[in-house]
Amino acid sequence: MADAGEAVEESEGNAIAAGSFLNQHASLSQNGYVVFLRLLALLGMAWGIGYWLRLIGWHTGPDWRFDTMTVAWRVAACTLAVLYPFAASGLWMLASWGTVLWFCAAGIELTMYLVFPGEFGARPLIVTLHLLVILLYAAWRFQMMHEARKHRRAEVEQS
């Protein structure tokens with residue numbers, strides 16, 4: 001009798017369902033996707049810690065303590081200080097909700113810096129990084145979808 005880990009791996013056939021860091025039966029794009037999500041999780045955790053450091057006043061600058069922030073910054077910093085660590089833990093665990101939370105946090109930051117630059121300032125590096133991650137994510141998901149479709153077609157032709 002196979003153990004539960006093998007059953008999940010056999011039934012799903014990919015690294016994400018198996019929950020392993022790298023799955024030998026998964027394609028290169030699937031294993032790369034796992035590495036990509038884990039690196040994004042590390043980045044998200046660093047950003048979350050950065051927001052927490054700003055909230056408690058560890059960050060240098062006169063407007064980076066909670067009691068000296070504007071209301072808009074208080075709302076944004078508190079929201080992102082919570083979202084990023086939760087998104088990072090979900091990304092690390094390869095849970096779908098981790099990706100959703102990361103997209104919410106990235107969307108908030110994109111809105112802050114693109115729609116309200118007068119209030120939040122301009123951060124072109126963060127905007128560029130978020131857009132690059134979104135493009136990479138979409139390209140990877142499209143590639144894995146294409147591989148899955150090709151694999152299903154090959155299975156149908158063999159049967």
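Let me begin with contacts across the chain. In this predicted model, 53% of the contacts between residues at least 6 apart in sequence join residues at least 24 apart. The chain in which they occur holds 7 helices and 0 strands, so I shall refer to its elements as α1 onwards, following the definition of helices numbered from the N terminus. Of its 159 residues, 33% count as buried. The accessible surface comes to about 9800 Å², and carbon and sulfur atoms account for 67% of that area.

I turn now to one residue in helix α4, which covers residues 71–92: Leu83. Is Leu83 buried or exposed? Its relative accessible area is 17%, and because the limit for burial is under 20%, Leu83 counts as buried. Which residues does Leu83 touch, leaving aside its neighbours within four places in sequence? They are Leu101, Cys104, Ala105 and Ile108. For Leu83 and Cys104, the C-alpha atoms are 8.0 Å apart in space, while the two residues are 21 apart in sequence.

Cys104 itself is partly exposed, at a relative accessible area of 39%. Another cysteine, Cys78, is also partly exposed, with a value of 32%. As to covalent links, a disulfide is a bond of this kind between the sulfur atoms of two cysteines. A search of the whole structure finds 0 disulfides.

The next topic is the aromatic residues. How many aromatic pairs does the count give? The count comes to 7. In one of them, Tyr51 and Tyr84 are stacked, with 6.4 Å from centre to centre and 15 degrees between the planes. This pair links distant parts of the chain, since Tyr51 belongs to helix α3 (residues 28–55) and Tyr84 to helix α4, with their positions 33 residues apart in sequence. Both tyrosines, Tyr51 and Tyr84, are buried.

A second arrangement is seen in Trp102 and Phe103, an edge-to-face pair at 5.3 Å centre to centre, with 80 degrees between the planes. The two partners fall in separate classes of accessibility: Trp102 is buried at 2%, whereas Phe103 is partly exposed at 30%. Together with Tyr33 and Tyr137, Trp102 and Phe103 form one aromatic cluster.

Finally, I should mention two arginines placed over aromatic rings. Arg38 lies over the face of Trp92, at 4.9 Å from the ring centre. Arg74 lies over the face of Phe66, where the corresponding value is 5.0 Å.

Key
Residues are numbered from 1 along each chain as its sequence is written. This is a predicted model: local features need pLDDT of at least 70, side-chain atom pairs count only at pLDDT 80 or more; totals for chains, interfaces and linings use all residues. Side-chain values use heavy atoms; hydrogens and water are left out. Helices (H or I, at least four residues) and strands (E, at least two) are DSSP runs, numbered from the N terminus. Buried means under 20% relative accessible area, exposed over 50%, partly exposed in between (1.4 Å probe, protein chains only). Contact means heavy atoms within 4.5 Å. Accessible areas come from the Shrake-Rupley method with a 1.4 Å probe; for residues, only the protein chains shown count as cover. A disulfide is a pair of cysteine sulfur atoms within 2.5 Å. Rings of Phe, Tyr and Trp (its six-membered ring) pair if their centres lie within 6.5 Å; planes under 30 degrees apart count as stacked, over 60 as edge-to-face and the rest as tilted. A charge sits over a ring if NZ of Lys or CZ of Arg is within 6 Å of the ring centre and within 35 degrees of the ring normal.
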